[in-house]
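Let's take a walk through this one together. Have the 3D view open and turn it as you read.

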Amino acid sequence: MVSRSYTNLLELASGDTPTFGRMGKRLPRVMTVSGVLSELDDESSSSITSDAPSSIAQERMIIVGNQLPLRAHRAEDSGLWQFSWDEDSLLLQLKDGLGDDVEVIYVGSLREEIDPSEQDEVAQTLLDTFKCVPAFIPPELFSRFYHGFCKQQLWPLFHYMLPLSPDLGGRFDRSLWQAYVSVNKIFADKVMEVISPDDDYVWVHDYHLMILPTFLRKRFNRVKLGFFLHSPFPSSEIYRTLPVRDELLRALLNSDLIGFHTFDYARHFLSCCSRMLGLSYHSKRGYIGLEYYGRTVSIKILPVGIHKDQLQSVISLPETVSKAAELHDKFKGKTVMLGVDDLDIFKGISLKLLALEQLLIHHPEKRGKVVLVQIANPARGRGKDVQEVQAETYSTVERINGKFGTQGYDPVVLIDTPLQFYERIAYYVIAECCLVTAVRDGMNLIPYEYVISRQGNEKLDEALGLDPLVPKRSMLVVSEFIGCSPSLSGAIRVNPWNVDAVAESMDSALTLSQPEKAMRHEKHYRYVSTHHVGYWAQSFLQDLQRSCKDHVRRRCWGLGFGLGFRVIALDPNFRKLSVEHIVSAYKRTKCRAILLDYDGTMMLQNNHKSISKAPNMEAVGILNSLCTDPKNAVFLVSGKDKRTLAEWFSSCEKLGIAAEQGYFIRPSKDADWKTCVTVTDFDWKQIAEPVMQLYTETTDGSAIETKESALVWNYQYADPDFGSCQAKELLDHLESVLSNEPVSVKSGQHIVEVKPQGVNKGLVADHLLNTMKDHGMLPDFVLCIGDDRSDEDMFEVIMSSVGGPSLSPVAEVFACTVGRKPSKAKYYLEDTSEILRMLQALVSASEQAAHISVPQAAVLEVPNEVAEV
C-alpha cells in the first residue's frame with residue numbers, strides 16, 4: 001500500500017489535484033499499548049484529511065497537557081484506583097470558558113504510576129467517567145523526559161540560565177532529547193485515538209509538548225491546532241544556544257495559533273523565527289501572523305487569569321473564615337507582608353529576604369511591627385540547585401530572625417509544609433502587601449489570587465471586625481520579570497536584583513495613604529475580575545477558529561522528514577509546473593514569448609558558495625540555445641544595471657535584455673538600448689542619496705547601489721531585526737522628502753528602492769507582446785518566470801492578456817513563480833535547479849525539432865558511421 005504522504009508527492013509532481021477520502025474515525029475505546037499507532041508514523045503515516053467538514057452538532061476540543069486534571073489514590077478497602085477532578089488544575093478551569101456547547105476531552109499523563117496489568121481498565125474508566133485519555137509513560141522514560149530534558153534543559157534555558165558549567169543547569173544530552181521526542185510521540189498516539197480531524201480542535205499546553213504539533217500535523221494536514229506556552233520564551237541570544245533550536249521552532253510553526261502571556265515573549269519568539277529561519281511576521285487589523293509555507297501561523301498575546309468563582313467559593317468556606325480570624329488574632333498589632341513561591345532558583349526568595357533585612361536596617365521603627373510570612377511550596381524539579389536554594393533560604397531566615405527577632409516576635413515566618421488551599425487564602429486575607437520577586441517567571445497568578453481574596457465578603461468582614469462600607473485595600477510589589485507584571489498597572493514594579501530598591505518599595509507599599517491603596521486595589525480587582533480564566537479560554541478558542549477557517553479550501557501536502565516535516569498549503573488553482581506538460585505545449589506551438597527573471601530565478605539569490613552574482617556557464621548555455629530557435633523571443637529581465645548585464649551575457653547574440661526593472665530595454669546584442677519611460681529629470685537623486693547615506697553609516701552591513709534610473713539601499717548583510725527596522729524608517733523618511741518628486745519608493749527583499757514612477761517589470765512584458773503583435777506575430781506560447789514581488793507585475797500583464805488582442809486565441813500561458821507562496825502566477829517550481837532543468841527540457845525539444853526538419857539530402861551527406869549512430 002502506498003502511503004498518503006507518498007501519493008501526495010506524486011500528485012504534487014504531476015500537477016494533478018489530489019483527492020482525499022474521509023478518515024479519522026473515532027475509536028470506541030482507548031488503546032493502551034504504547035507504540036502501536038506510532039509505528040505508522042515513520043513511513044505510512046499520512047496526510048489524512050478531507051475536503052469538507054462533517055456535520056456534528058457539538059464542537060469538540062481536545063486539550064493536551066503534561067498531566068491530566070485528576071487526582072488519584074487507591075481505596076484502602078478494595079485496593080482499586082479512585083479518581084476525582086483536580087479543581088486547582090488550569091486545564092480543568094479553562095473548560096468553563098469554552099461553553100456548554102463544546103465537548104472537552106483531556107489527554108495527558110497521570111501523576112501516579114499505574115501497573116501495566118491495570119492500564120486497560122483505568123484507561124476505559126477515565127474515558128467513560130471523565131472523558132480523559134491517559135498516556136501511560138514508563139517511569140524511566142518519564143524521568144528522562146520530565147526531570148531530564150524538561151527541567152534540566154528547557155526550563156533553565158527558558159528562564160535565562162545557560163549551562164556555562166556543569167553546575168549551572170544541564171549540558172545538552174542527546175539521549176534526554178530522544179526521550180522528549182519519544183514522549184511527545186506517545187502523546188500524539190493518544191490524541192490519534194480520539195480525534196475526528198475535520199471537526200475537532202486540539203489545544204496543546206506548555207513546553208513539555210513543544211514538538212507534538214509536528215506529529216499531529218504529519219498525520220492530519222488540516223488538523224485545527226493551537227499551542228499555548230505558559231513559561232517565558234527567552235531572547236534570541238539565549239535561545240540560539242539550544243542545539244535543537246530549529247526543530248522546536250519548526251514544530252511550533254506546525255500549529256495554527258501560538259499563544260504567549262506577554263508581548264515580550266511573543267517578540268522573542270518572532271525574533272528567533274526571523275534570525276534562525278528567515279521568517280518575517282506581519283500585523284493586520286490587530287492580528288500578528290507568520291507566513292510559513294503558504295500557511296499563516298497566528299500569534300496570540302493574552303495572559304491567563306484565575307477562576308474567580310472557584311476562588312470566591314473557597315473564600316466563603318467556614319474553615320477559611322475561621323482560619324483568617326485565627327491569623328488575624330495571631331498577628332494582631334503587626335503588619336503582615338506575604339510571599340508565596342515555589343522553592344526553586346527562579347522565584348527570588350533569598351532576594352526578598354535580603355530586601356526585608358535592608359528594610360529593617362534602614363527603618364528600625366518597623367522592627368517588631370512588620371512580619372514577612374513566606375510560604376515556600378515544594379519545588380517541581382529536583383537537583384543540586386534546589387538543595388542550594390533551600391539551604392540558603394533557611395540560613396537567611398535564621399540569620400534575620402536571630403538579628404532582629406525578640407521574645408514573641410520573628411520578622412520572618414517561613415512555612416515550608418504543604419498548606420490547604422483555604423489556609424493559603426486566609427493568609428492572603430490578612431496580608432497588607434503581597435511580594436513577588438521572581439527573577440523570571442512565565443505568568444505567576446499569586447497576585448491575582450491575592451487581589452480577589454482581599455476583596456473578601458460579608459462573613460470575613462464580620463469575623464475580622466471590618467467595616468463593610470470602608471473600601472477594600474491591597475498592595476502589590478511585583479518583579480518586572482514576571483508575566484503578570486504588565487497587567488497590574490497599579491503594582492509597584494521592582495528589579496528583584498536591586499535589593500535596596502526592593503526594600504524601599506516595601507516601605508512605600510506599607511506607608512502609602514489608605515485612599516491610594518484602595519484606588520490601586522479597585523483597579524486591580526476590576527481587571528482580575530474581567531480577565532479570568534474563562535475569558536482567556538474563550539478568546540483563545542475564538543482566535544483558533546478564525547485561524548483555521550480557511551483549512552477547507554486549501555490544498556495541503558506534507559513534505560520533509562522527521563522534525564523537519566511541514567505542510568505546504570496552496571490555493572486550489574496554484575500547482576507545480578509539470579515539465580512534461582510544458583514541453584508538450586512547447587512542441588505544439590510556433591510563436592513563443594519567454595520572459596525570465598535573473599536574481600533568484602536563473603541565479604540563486606543567496607548563494608552561500610560564492611559571493612559572485614555572475615551567471616554560470618550552464619545558465620548562459622541554456623539561454624543561448626533557447627535564442628537559437630527561430631520560434632522563440634527570449635527576454636531576460638533584471639533589476640541590475642545595463643552595463644553589468646551586457647557584460648555577463650555578451651555571448652548571447654539574440655537574447656533580449658531588460659535592465660533596471662525594465663527602464664532600459666535591448667531586443668538583441670546588436671540593437672541599441674532604449675528606455676520604456678521618458679524621464680528628463682533625475683534631480684531627486686540629490687535628495688535621496690544623502691538620506692540613504694545616513695542610514696548606510698548607521699547600519700552595519702548595508703550599502704547603496706547606484707543605477708542610472710534608480711537608487712537602491714541594500715541591507716542583506718545587516719542584522720535582520722535592525723536592518724528591517726532601519727528599512728521601515730528609511731522608507732518613511734524617503735516618502736516624506738520625495739513626496740513632490742515623480743518617483744516611487746518601494747521596499748523589497750532586503751532592499752529599499754527609489755525609481756521613476758511607472759517603471760516596473762510589467763512594462764517589459766507589455767513591450768514584448770506589443771512588439772510581436774506589431775510584426776504580425778501573436779504568441780501562442782508564453783512562459784514567464786520570476787521569484788519576488790517585482791515579478792508580480794509581469795505575471796499580472798501576462799495573465800490579463802489572455803483572451804486579448806496581443807495573444808493568439810489558443811495561446812498557452814505559463815506564469816510561474818519560484819517556491820510556494822501567494823502569487824498571481826498559477827504555477828510554481830521549487831528552486832533555480834528545477835527551473836534550469838525545465839528550460840533544458842525545452843532546449844532539448846527545440847533541438848529535436850530542428851533535427852527532424854533537416855532536409856533528407858543533408859542527412860545523406862552525413863558519414864555512414866554517424867548516421868548509423
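What follows goes from the whole chain down to a few helices and single residues.

Keep in mind from the start that this is a predicted model. Confidence comes first, then: the protein chain averages a pLDDT of 86, and 89% of the residues score at least 70. Two stretches fall well short of that. Over residues 1–56 the pLDDT is below 50, though this stretch still has 127 contacts in the model beyond near neighbours in sequence. Residues 856–869 also have a pLDDT below 50, but here there are just two contacts beyond near neighbours in sequence. Where pLDDT is low, the predicted coordinates should not be read in detail.

Now for the overall build. The protein chain holds 30 helices and 32 strands. Its 869 residues include 55% that count as buried. As for contacts between residues at least 6 apart in sequence, 73% of them join residues at least 24 apart.

A good helix to pick out is H6, running over residues 174–194. From its first C-alpha to its last, H6 reaches 31 Å with 21 residues, close to the 30 Å expected at 1.5 Å a residue. How much of H6 is covered? Mostly, it is: 17 of the 21 residues in H6 are buried.

Next, look at how two helices meet. Two packed helices are described by the angle between their axes and the distance between the axes. For H22 (residues 617–628) and H28 (residues 832–852), the angle is about 35° and the axes are 9 Å apart. The crossing of H22 past H28 is left-handed. On the H22 side, the contact is made by Glu618, Ala619, Ile622, Ser625 and Leu626. Facing them from H28 are Leu836, Leu839, Gln840, Leu842, Val843 and Glu847. Sort the residues of this contact by type and you get seven nonpolar, two polar and two charged.

Finally, zoom in on two single residues. Ser271 sits in helix H10, which covers residues 263–277. Is Ser271 buried or exposed? Ser271 counts as buried because its relative accessibility is 13%, under the 20% cut-off. Leaving out residues up to four places away in sequence, Ser271 touches Ser236 and Asp721.

Pro139 belongs to helix H5 (residues 139–158). With a relative accessibility of 45%, Pro139 counts as partly exposed. Measure across to Ile114 in your viewer: Pro139 and Ile114 are 25 residues apart in sequence, and their C-alpha atoms are 9.8 Å apart in space.

Methods. Residues numbered from 1 in each chain as written. Predicted model: local features only at pLDDT ≥ 70, side-chain atom pairs only at ≥ 80, totals over all residues. Heavy atoms only, no water. Axes fitted to C-alpha atoms, helices over the stretch in contact; angles between N-to-C directions. Helix = DSSP H or I, 4+ residues; strand = E, 2+ residues; numbered from the N terminus. Left-handed = near helix turned anticlockwise from the far one by under 90°. Contact = heavy atoms within 4.5 Å. Nonpolar A, V, L, I, M, F, W, Y, C, P; charged D, E, K, R; others polar. Expected span 1.5 Å × (residues − 1). Buried < 20%, exposed > 50% of the residue type's maximum accessible area, 1.4 Å probe, protein only. pLDDT = per-residue confidence, 0-100.
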